[in-house]
There are 2 protein chains.
Amino acid sequence: MKPRITIREVAKEAGVSIGTASRALNRAGRVSEAAIAAVSKAARRLGYEPDAIAQSMRTRSSGAIGLIVSDLANPLYARIITAVEAALQAAGYALLIASTHNDGKREKNLIDLFRRRRVDGLILGPCETENPKLLEQLSQEMPVIALDRDFGPTGTGVYVDHYTGALQATRYLLNLGHTRIALLTPGSVLRPGRERIAGFKEAYKEQDLKPVPKLIRCEKSAMDFAFTEALSLLSGPEAPTAFMCLGTRILAGVLQALRHTGRTAPGDVSVISIGDTDLSQLFTPSITSLTWDLEIVGTVLAQLMLKQLERDADIEPETIVITTQLVLRESCGPATARKKATA
Amino acid sequence: MKPRITIREVAKEAGVSIGTASRALNRAGRVSEAAIAAVSKAARRLGYEPDAIAQSMRTRSSGAIGLIVSDLANPLYARIITAVEAALQAAGYALLIASTHNDGKREKNLIDLFRRRRVDGLILGPCETENPKLLEQLSQEMPVIALDRDFGPTGTGVYVDHYTGALQATRYLLNLGHTRIALLTPGSVLRPGRERIAGFKEAYKEQDLKPVPKLIRCEKSAMDFAFTEALSLLSGPEAPTAFMCLGTRILAGVLQALRHTGRTAPGDVSVISIGDTDLSQLFTPSITSLTWDLEIVGTVLAQLMLKQLERDADIEPETIVITTQLVLRESCGPATARKKATA
DNA sequence: CTGTTAGCGCTTTCAC
DNA sequence: GTGAAAGCGCTAACAG
């Protein structure tokens with residue numbers, strides 16, 4: 001493994017001091033054009049590559065941003081991350097990535113790890129054990145941007161308006177005559193889950209109705225849970241006439257359950273899902289879905305970060321809300337004579 | 001932003017020299033138990049967190065691994081990355097991530113960037129412009145693990161056996177009586193594409209048949225391409241009786257085209273896809289698919305990396321081949337009287 | 001076993 | 001404008 005070229009050698013090659021070499025390379029402070037020319041020529045000739053670690057050491061800035069989510073493989077996150085990465089890459093930042101698998105302890109470890117690596121900023125997705133105090137404290141050390149995650153009124157972040165989304169979706173189903181709507185969500189602890197459930201309930205309230213408690217099911221493990229829950233709901237005495245699948249992988253489980261019991265949408269039950277996947281678009285029937293722009297979420301996340309990085313003084317916290325759209329497809333129909341017995 | 005605690009302060013607090021403090025913290029060299037106790041107590045009390053940048057500066061090892069793929073949002077990569085991240089995290093490494101969007105120039109930039117950041121190793125996914133020389137040279141600087149990507153006989157990597165996979169899948173279709181098989185693949189430049197096409201042709205050869213050249217279509221942009229291509233193929237004079245969708249997002253386009261033209265599988269055409277997504281599993285009919293274990297790919301990738309990192313001497317290159325499985329579902333049927341005209 | 005010292009490669013005063 | 005020198009926080013030699 002050949003030794004790297006250092007600025008020292010570049011300076012020697014260019015016939016200047018290392019101080020001048022540094023200034024020339026960074027075009028900082030007073031440097032003569034002649035020096036700049038000589039140094040950059042020397043650098044090019046030698047194939048000099050500044051050592052980012054040494055730079056960080058001096059400047060106290062690593063040029064890296066840490067991003068922590070619960071699960072990288074979640075397609076929603078994956079697309080957000082892509083957008084974040086693109087924007088950050090364009091601005092010259094590197095992206096350190098890690099996933100918590102919803103383990104609060106692990107998240108804390110990762111944050112510490114990233115801190116030790118002197119990341120310049122942190123983007124945090126939702127995690128089971130949100131610790132607002134921890135984050136607030138953290139954000140005094142470096143910019144912290146939250147993604148769909150609560151942390152006090154002083155926090156900066158981008159939030160998807162799950163509340164209104166769920167509200168609209170539920171309204172839509174209620175207006176179709178459904179009252180026995182099953183709500184499957186991967187958890188009520190995380191902000192998205194909480195908001196969605198709140199929106200769901202609000203829609204009922206608007207019409208002076210009450211949701212059926214037994215039809216609200218939340219659990220961690222996504223797809224398997226959805227399948228078994230949907231199955232049990234369908235075979236129960238008071239089966240739902242509609243399903244709201246509030247989580248990326250819930251829909252798959254529900255569709256599986258429908259298939260398993262010989263039901264079809266929208267004839268037997270109506271189905272609404274969250275997130276616009278291949279599955280929701282191409283399934284027959286295509287699935288009415290609640291969607292939002294993941295690229296924008298990622299881009300905004302990165303922009304907020306870059307903005308905070310730029311003026312590293314403390315700036316007022318900023319909150320960007322992303323709205324959702326209800327894409328009407330074929331999977332919902334009126335709740336007419338849905339008396340079909342326990343199958 | 002409060003100043004960090006340094007080892008200097010820990011040493012003072014513990015009443016030892018910074019050298020001893022360092023040794024105590026790292027349990028390296030000769031240290032008394034007493035010193036260890038005193039130092040770790042002091043460290044804990046002060047909330048000391050070693051500065052990873054400074055450590056890297058000295059040890060010439062950043063504790064970070066770079067991972068470069070064409071597209072983070074590709075669900076296949078996403079799941080591989082998750083596994084890589086988990087394994088690396090467990091071993092105390094951080095993961096730097098970036099995507100090339102199949103731009104060879106950008107890839108080169110990213111590699112340089114990562115090199116400047118002194119990553120301890122590099123994991124590289126396929127990229128349009130594979131540059132075996134570049135990689136070979138690179139691998140003399142640090143461990144480089146290739147993912148489904150050729151780089152000379154000296155390279156270490158994990159490879160999916162796309163060749164045999166495509167061979168088996170094609171055989172299967174040929175045995176069902178299909179001879180007009182359309183092959184849609186996102187590209188023949190990348191190793192996976194090349195291998196798949198080779199396997200496809202080999203299957204024909206085995207039976208003394210020849211594939212229909214016009215039915216082989218490759219293009220970069222995944223889903224849109226697949227849709228339009230499939231459409232044109234279906235409405236052409238000699239429409240295929242089967243589709244092989246050799247790429248993550250191809251299947252969606254083909255299914256869309258089928259739906260658009262009122263065709264269904266396996267009645268009108270047979271369909272085989274690559275990768276086991278929700279879509280292939282839950283679509284009606286469920287799609288016969290070629291799959292392999294993404295978690296294993298990720299884990300093996302990380303293990304190869306860790307192994308090379310451990311014994312940083314040059315070790316013999318290693319190649320792990322991952323086999324694929326053909327999961328038979330409902331989307332393929334015999335090619336009987338498929339005389340259905342140009343619709 | 002422990003303290004002292006010399007840097008890692010770079011940026012940034014500070015004199016000149 | 002430029003050079004010399006002082007570290008950033010840490011580890012690794014080297015004496016003791």
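1. Let's start with a helix pair in chain A of this predicted model. Helix α5(A), residues 75-90, packs against helix α13(A), residues 294-310, at an angle of about 40 degrees, and their axes are 7 Å apart. Because angles under 35 degrees count as roughly parallel and those from 65 to 115 as roughly perpendicular, α5(A) is oblique to α13(A). The crossing of α5(A) past α13(A) is right-handed.

2. If you would like to look at the side chains in this contact, α5(A) contributes A:Leu76, A:Arg79, A:Ile80, A:Ala83, A:Val84, A:Ala87 and A:Leu88. From α13(A), the contact takes in A:Leu294, A:Glu295, A:Val297, A:Gly298, A:Thr299, A:Leu301, A:Ala302 and A:Leu306.

3. Now for the sheet in chain A. It is an open sheet of 6 strands with mixed pairing, ordered β7-β6-β8-β9-β10-β12. At its edges are β7(A), residues 216-218, and β12(A), residues 325-327, each of which pairs on one side only. On average, neighbouring strands are turned by 15 degrees against each other, with direction ignored.

4. One edge is worth following residue by residue. Strand β6(A), residues 181-185, runs parallel to β7(A) and is joined to it by 3 bridges. There, A:Leu183 stands opposite A:Ile216 of β7(A).

5. Two helices belong with this sheet. Helix α8(A), residues 162-175, lies across β6, β8, β9, β10 and β12 of chain A, and runs at about 170 degrees to β8(A). Helix α9(A), residues 191-206, also packs on the sheet, where it touches β6, β7, β8 and β9 of chain A. The direction of α9(A) makes about 170 degrees with that of β6(A).

6. Over in chain B, have a look at strand β8(B), residues 242-245. B:Ala242 and B:Met244 point one way from this strand, while B:Phe243 and B:Cys245 point the other way. Which of these residues are buried? All of them are: B:Ala242, B:Phe243, B:Met244 and B:Cys245.

7. The partners of β8(B) come next. Strand β6(B), residues 181-185, runs parallel to β8(B), with 4 bridges joining the two; B:Leu183 has B:Met244 as its bridge partner. Strand β9(B), residues 270-274, is likewise parallel to β8(B) and joined to it by 4 bridges, and here B:Cys245 stands opposite B:Ser273.

8. How does the chain get from β8(B) to β9(B)? The path leads through helix α11(B), residues 250-260, and this β-α-β crossover is right-handed.

Conventions: Residues numbered from 1 in each chain as written. Chains lettered and ligands numbered in written order. Predicted model: local features only at pLDDT ≥ 70, side-chain atom pairs only at ≥ 80, totals over all residues. Heavy atoms only, no water. Buried < 20%, exposed > 50% of the residue type's maximum accessible area, 1.4 Å probe, protein only. Pairing = 2+ DSSP bridges. Right-handed = clockwise from strand over helix to strand, strands pointing away. Axes fitted to C-alpha atoms, helices over the stretch in contact; angles between N-to-C directions. Parallel < 35°, antiparallel > 145°, perpendicular 65-115°, else oblique. Left-handed = near helix turned anticlockwise from the far one by under 90°. Contact = heavy atoms within 4.5 Å.
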